[in-house]
Amino acid sequence: KSFKVKRGETPVAVTRNGNTWSCQDTPSADGEYVYTFIAEDLAGNKNLSTFKTVIVDTTLPTVKDASKFIVPTAAQTEQKLFKFEGKEGSITDKGTDESAFSSGFAKIELDCSTVKTPASHTALITVLPNEKGEWSQTIEFSAYPDIFGTEEEPIQGIKYLSMNIYDKAGNASGWETYLEFVYDTAIPQLIVNTPENNIVNTTSITLSGTAWDTYGLAAADGEGIKITAINSNGETKASANLTTSATKNDDSAKWSKDLTLPEGIYNINVTAKDKAGKDDGKNISIPLTVDTTAPRGTLELEKANGDYKDSNERIWFKSEQIKVKVTSITEETSGLDSVKVKVFDSKDASPDSDWTVLTRKTSKEGDNTVIWYEGTVTAIAQGLNTIKAQITDKAGNTGNLVSKPVYIDTRKPETIKAFDAAKDGNEVISLISNAKTEAKASRLNCSPLS
């Protein structure tokens with residue numbers, strides 16, 4: 001007899017063709033609608049139990065908050081597996097109106113590429129989000145050698161994760177790239193230049209070297225290159241962080257850092273960490289001695305009073321060979337390198353000869369070891385000579401010592417004769433004298449003048 005359709009309580013026009021029928025409805029908004037179908041036969045019987053629920057959803061799903069996606073950090077990409085995740089609120093099917101109707105999420109297709117906007121996309125993986133839009137997917141990198149390479153030959157670098165989101169009504173967001181991450185399996189490289197002999201004689205120190213990584217070191221506050229100076233008491237006396245974006249060992253990989261350290265003995269620890277959080281595994285430790293103090297000592301003559309000390313307290317030697325000693329040496333930090341001496345004349349001049357290096361000597365005095373340096377120098381002039389010593393430590397600091405003036409007289413006494421006025425050859429005076437030293441004895445013979 002009749003066939004009717006209602007959407008809720010609203011009649012819907014029906015077109016009949018014999019026992020077949022059709023209808024077309026245009027709801028005013030997205031939503032879930034219940035259609036009731038009423039058939040009445042000629043006897044007046046009605047069927048009221050047939051209904052159909054229809055979901056109308058014309059809103060495209062999309063990404064709402066990309067920060068709620070979780071992708072691997074570069075450190076984690078060293079693993080063979082990693083879970084990509086989308087937290088609640090990362091995607092939406094309601095557009096900008098949270099009160100709007102949603103048919104719900106059906107699936108998400110994922111594609112990964114080495115470029116941000118590939119010419120085409122392939123759904124590598126399909127994930128099923130829950131009603132809150134939460135999803136997770138574990139990827140085995142080795143399963144995609146075109147993107148990640150192999151374990152032996154990885155294709156490192158920035159990777160881009162694109163997605164296409166479907167709702168249950170069949171709407172699709174279309175492919176968009178929302179995520180990127182660094183696939184990095186290489187460790188950073190670090191070289192530190194060391195001072196000569198690991199000793200410096202200044203408190204202002206410049207450390208330098210080179211560091212590079214496939215995709216750059218961490219930011220400075222993320223300990224890209226970390227430098228720590230620890231003294232012999234275990235105290236940190238200086239620290240610094242710096243970074244470099246160098247990806248290969250060239251000029252861009254060079255780095256330097258100025259440190260100020262008080263005198264002492266240190267271990268300078270240097271590490272490099274890349275953006276993946278990987279370090280070079282070396283933790284380079286450089287022993288460094290900072291020594292700015294010149295060593296001290298006392299320059300002595302083996303014969304403190306020489307061979308003769310005159311009335312003017314001048315010390316005379318009758319030999320050009322003078323034995324000297326340097327004692328009471330103090331050098332507490334870097335250690336002694338050399339003790340050497342040289343002779344200068346009365347005008348503070350010296351021949352172009354090398355300094356004489358003294359020999360180290362030791363002796364035991366009870367429980368103590370006494371150390372001194374000794375050797376022999378050669379005088380360069382009759383009369384006044386000055387002996388100078390230089391004490392040099394391993395840091396290059398030099399302490400200068402000066403001896404007391406010494407006088408050299410190696411000549412034999414001379415006999416001076418005087419003759420009478422008649423010049424007949426009669427010797428009247430004979431005395432022993434010397435131009436430099438005083439005569440210890442003289443003899444004067446006199447006879448009357450004729």
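## A four-stranded sheet

In what order do the strands of the open sheet of four strands stand? The order is β24-β27-β31-β30, and the pairing is antiparallel. Strands β24 (296–301) and β30 (359–365) stand at the edges. Each has a single partner strand, so one side of each has no neighbour in the sheet. From one strand to the next, the twist averages 30 degrees.

Look at the β30 edge. Seven bridges join β30 to strand β31 (residues 368–378), and the two run antiparallel. One facing pair to find is R360, which stands opposite Y373 in β31.

## The chain as a whole

This is a predicted model. The protein chain holds one helix and 36 strands. It has 450 residues, and 35% of them count as buried. The chain exposes about 26100 Å². Carbon and sulfur atoms supply 46% of that area.

How do contacts span the sequence? Take the contacts between residues at least 6 apart in sequence: 60% of them join residues at least 24 apart.

## A five-stranded sheet

Another open sheet has five strands, in the order β17-β23-β22-β19-β20. Its pairing is mixed. The edge strands are β17 (199–200) and β20 (236–242). Each of these pairs with a single strand, so one side of each is left without a neighbour in the sheet.

Now walk across the sheet. β17 and β23 pair in the parallel sense, over two bridges. There, I199 has T289 in β23 as its bridge partner. Next, β22 and β23 run antiparallel and are joined by seven bridges. In this pair, Y266 stands opposite L288 in β23. At the far end, strand β19 (residues 225–231) and β20 also run antiparallel, with six bridges between them. A229 stands opposite A238 in β20.

How many of the seven residues of strand β23 are buried? Five are, so strand β23 (residues 284–290) is mostly covered, as buried means under 20% relative accessible area. In a regular strand, side chains alternate between the two faces of the sheet.

## N269 and its contacts

N269 lies in strand β22 (residues 264–272). Its side chain makes a polar contact with the side chain of S285, at 2.9 Å.

Which residues does N269 touch, leaving aside its neighbours within four places in sequence? They are K226, I227, T228, I230, N283, I284 and S285. S285 is thus on the contact list and is also the polar partner.

## Salt bridges

Side chains of opposite charge can pair when their charged atoms come close. The count here comes to ten salt bridges. Three examples follow.

R7 and D25 meet through their side chains, with 2.4 Å from N to O. This pair links distant parts of the chain, 18 residues apart. R7 is in strand β1 (residues 2–7). D25 is in the loop between β4 (20–23) and β5 (31–40). D25 counts as partly exposed because its relative accessibility is 25%.

K87 forms a salt bridge with E85. Their closest N and O atoms are 3.4 Å apart. K87 is partly exposed, at 39% relative accessibility.

K107 and E109 form another salt bridge, at 3.7 Å from N to O. Are these two residues buried or partly exposed? K107 counts as partly exposed, at 28% relative accessibility. E109 is buried, with a relative accessible area of 12%. The cut-off for buried is under 20%, so E109 falls below it.

## A lysine in a loop

Where does K94 lie? K94 is in the loop between β10 (91–92) and β11 (105–113). Its relative accessibility is 28%, so K94 counts as partly exposed.

K94 and T62 are 32 residues apart in sequence. In space, the two are 8.6 Å apart, C-alpha to C-alpha. Leaving aside neighbours within four places in sequence, K94 is in contact with T59, A100, F101 and S102.

Key: Residues are numbered from 1 along each chain as its sequence is written. This is a predicted model: local features need pLDDT of at least 70, side-chain atom pairs count only at pLDDT 80 or more; totals for chains, interfaces and linings use all residues. Side-chain values use heavy atoms; hydrogens and water are left out. A salt bridge is a side-chain nitrogen of Lys or Arg within 4 Å of a carboxyl oxygen of Asp or Glu. Buried means under 20% relative accessible area, exposed over 50%, partly exposed in between (1.4 Å probe, protein chains only). Two strands pair if DSSP finds at least two bridges between them. Axes are lines fitted to C-alpha atoms, for helices over the stretch in contact, and angles run from 0 to 180 degrees between N-to-C directions. A polar contact is a pair of N or O atoms within 3.5 Å; within protein, one must be able to donate a hydrogen and the other to accept it, and residues adjacent in sequence count only if both atoms are side-chain atoms. Contact means heavy atoms within 4.5 Å. Accessible areas come from the Shrake-Rupley method with a 1.4 Å probe; for residues, only the protein chains shown count as cover.
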